[in-house]
Amino acid sequence: MADAPAQDGALLAIAHITKRFTARDGDVLAVDDFSFDVAEGEFVSIIGPSGCGKSTLFNIVGGLIGDYSGSVTVAGERITATHPAIGMVFQEESTFPWRTVVDNVAFPLEIAGVARGERLSRAAHFVAMVGLAGFETRYPNELSGGMRQRVAIARTLASQPRILLMDEPFAALDEQTRVLLGDKVQKIQQALKQTTLLITHNLTEAVQLSDRVLVMTYRPGRLKRVVNIHLPHPRSAEIVESEAFGHYVAEIWRDLREEANRGIEDTEARAREHAK
Amino acid sequence: MRSDVQARVAGAATLVGALCLVEALIRAGAINRFVVPLPSQILAAIPRIVDEEHVLARFGQTSLEVLWASVLLVVVGIPLGVLLHRLRIARAAFETWVGALAAAPLVLMYPLFLVLFGRSTTTIVMIGFAAGLAPVILKTLEGLVSTREVLLDVGRSFRLTPRQQFTKILLPAALPAVFVGMRLALIFAMINIVGVEFLINFGGLGQLVNELAERYDLPGMYAAILFVVAVSVVFYDLTARLERWLRPNG
């Protein structure tokens with residue numbers, strides 16, 4: 001098992017997270033002794049096959065799941081519930097269909113009690129940042145899936161979290177849109193120096209965006225390996241064509257393939273068991 | 001916009017066409033004119049029932065009863081739906097009963113309402129309210145239950161208070177279902193209101209339909225029924241406008 005090197009003055013520190021679920025056919029160990037740090041301004045991805053406990057980890061770091069052992073600390077402060085320092089972007093489509101784009105993005109500011117005029121102008125700034133200027137008064141059902149996900153990202157950015165926590169935000173999108181949106185996210189992250197933790201199962205996305213990639217094992221989710229990505233910034237969408245990029249993808253895939261295979265075998269075995 | 005106009009024209013043309021067909025069938029003797037009067041006679045009876053039977057005042061009276069029943073449905077029905085959502089045990093205990101209430105022919109219980117509230121507008125409003133209550137409760141509950149979990153997670157991630165979670169997320173998410181419930185409730189309430197007016201010979205358009213039927217004034221009776229239809233059109237339109245205003249892009 002690998003260790004993610006502890007960083008001095010890490011903004012986010014995850015220490016020895018273990019989470020067990022009670023299922024019908026006994027207890028399931030979803031995450032096992034998972035530890036890592038994220039430094040200020042760093043972009044870290046956690047990659048793993050389906051069912052490896054990535055989303056559980058996301059919910060634990062975001063404070064949506066309690067009842068686990070280990071600790072999550074932000075700038076030295078222990079976190080046990082949702083926290084203003086952590087802004088979450090969800091995998092599922094999560095824009096409010098009854099609000100316009102700008103009202104969606106202004107939502108956290110409204111909750112914080114910011115006056116309407118000011119919150120709309122601040123929201124408009126984040127709408128423009130994700131490339132949706134001109135769509136402020138549209139409703140989510142008038143936008144594409146990729147645009148809606150950008151609205152969700154802008155909404156979270158508007159709350160100005162110290163850490164942006166994203167759970168496969170582009171999972172439902174096609175590969176081309178995903179690469180181009182990755183380009184956009186990467187530019188925003190660089191511009192804001194936004195500390196980001198991305199949960200993903202997509203190799204290209206992980207390498208394109210991250211400073212470090214943590215590879216997770218299939219059930220129970222343990223830290224298998226840490227890959228530092230030494231590709232220069234800014235990384236445009238063209239970087240996916242480069243040789244170095246392909247080298248990183250291949251390197252991570254070697255670790256991931258074994259886990260993905262275990263995942264498939266396990267899923268099939270359980271399906272067979274179920275069919276009996 | 002153009003297709004909207006086309007749809008309205010097509011709708012109106014179909015209605016006019018159907019009326020012309022009925023007129024032709026009656027004139028040809030295929031339909032007995034002592035059972036169904038000529039549509040032209042019905043239209044001609046409208047000025048008469050306006051003048052002599054004060055149908056507009058009765059239209060106003062029935063509309064007011066429907067309005068009061070609607071207000072009660074919103075004020076009582078929606079909170080009851082919310083309560084069943086909040087209290088799991090209440091939901092387990094009562095949801096089936098509320099479903100059964102939706103199917104019950106409440107109008108047959110009008111003698112009980114007469115004993116409770118007398119031969120008055122209150123009886124009519126209360127029967128309308130009782131008839132519409134079940135769909136409002138059930139659809140409110142359905143809307144709240146089917147709110148997507150991720151939207152609630154967004155609320156939690158922004159640390160909304162339980163009240164904010166309800167007013168900013170649950171309620172707007174449930175609104176389309178609540179309106180479906182309100183529309184169904186209005187239909188049930190209206191049928192029962194006019195039915196009870198007819199049965200207890202009191203109040204608005206139902207009573208007028210009753211009187212005209214007893215006088216065997218068939219064109220007048222059908223003309224009065226047109227005003228009953230108008231009440232339903234007005235309320236249907238009002239709910240649609242209210243919904244568009246509250247949830248512009250439902």
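How many salt bridges are there between domain 1 of chain A and domain 2 of chain A? I looked this up before anything else, and the count is 0. The model is a predicted one, and I keep that in mind for every entry below.

**Entry: the domains of chain A**

I took the domain assignment of chain A as it stands. Domain 1 covers 10-85 + 162-275, and domain 2 covers 95-160. Their centres, taken over C-alpha atoms, are separated by 26 Å. I then looked up who takes part in the contact: 12 residues come from domain 1 of chain A and 11 residues from domain 2 of chain A.

The area buried between domain 1 and domain 2 of chain A is about 920 Å². Carbon and sulfur atoms give 81% of that area. On the domain 1 side I noted L164(A), K184(A) and I188(A), which supply 38% of the area that this domain buries against domain 2, more than any other three residues.

**Entry: cavities**

Next I searched the whole structure for enclosed space. The search gives 2 cavities of 30 Å³ or more. The largest cavity holds about 60 Å³ of space, and the second largest holds about 30 Å³.

Which residues line the largest cavity? I wrote down F43(A), I153(A), L157(A), L164(A), M166(A), V185(A), I188(A), Q189(A), Q194(A) and T196(A). Two or more lining residues come from each of α5 (145-158), β7 (163-167) and α6 (175-192) of chain A. The largest share, 3 residues, belongs to α6(A). By type, the lining has 7 nonpolar residues, 3 polar ones and no charged ones.

For the second largest cavity I listed V130(A), R150(A), I153(A), F170(A), L181(A), K184(A), V185(A) and I188(A). Here α5 and α6 of chain A each supply at least two residues, and α6(A) has the largest share with 4 residues. The lining divides into 6 nonpolar residues, no polar ones and 2 charged ones.

I also checked which domains the second largest cavity draws on. Domain 1 and domain 2 of chain A each give at least three residues to its lining. K184(A) and I188(A) are in that lining, and I had already noted both among the residues that domain 1 buries against domain 2. L164(A), the remaining residue of that trio, is in the lining of the largest cavity.

**Entry: chain A against chain B**

I turned to the interface of the two chains. In this contact, 23 residues of chain A meet 18 residues of chain B. The buried area is about 2,000 Å², and carbon and sulfur atoms give 64% of it. I looked for the residues of chain A that lose the most area to chain B and found L64(A), W98(A) and I111(A), together 32% of what the chain A side buries.

How many salt bridges does the rule find across the interface of chain A and chain B? It finds 2. One joins E92(A) to R148(B), with the closest N and O atoms 3.7 Å apart. Another salt bridge joins the side chains of E110(A) and K168(B), at 2.6 Å from N to O. That pair crosses between chains, from helix α3 (residues 107-111) of chain A to helix α8 (residues 162-200) of chain B. For the structure over all chains I noted a total of 29 salt bridges.

**Entry: chain B**

What secondary structure does chain B have? I found 10 helices and 0 strands. Read along the sequence, the pattern is α-α-α-α-α-α-α-α-α-α. The C-alpha trace of chain B spans about 70 × 55 × 30 Å along its principal axes.

Chain B is divided into domain 1 (1-36) and domain 2 (39-246). The C-alpha centres of these two domains lie 29 Å apart. Their contact takes 8 residues from domain 1 of chain B and 5 residues from domain 2 of chain B. They bury about 490 Å² between them, with 55% of that on carbon and sulfur atoms. I looked for salt bridges across this interface as well, and the rule finds 0.

How values were computed:
Residues are numbered from 1 along each chain as its sequence is written. Chains are lettered from A and ligands numbered from 1 in the order in which they are written. This is a predicted model: local features need pLDDT of at least 70, side-chain atom pairs count only at pLDDT 80 or more; totals for chains, interfaces and linings use all residues. Side-chain values use heavy atoms; hydrogens and water are left out. On a 1 Å grid over the protein atoms alone, a cavity is a set of points where a 1.4 Å probe fits but cannot get out, and a pocket is an open set with protein on both sides within 12 Å along at least five of seven lines; lining residues have an atom within 4 Å of a point. Grid points are joined across faces, edges and corners, and a volume is the space filled by probe spheres set on the points. Ala, Val, Leu, Ile, Met, Phe, Trp, Tyr, Cys and Pro count as nonpolar, Asp, Glu, Lys and Arg as charged, and the others, Gly among them, as polar. Domain bounds come from an automatic or database domain assignment. Contact means heavy atoms within 4.5 Å. Buried area is the accessible area (1.4 Å probe) that two parts lose on being put together, summed over both. A salt bridge is a side-chain nitrogen of Lys or Arg within 4 Å of a carboxyl oxygen of Asp or Glu.
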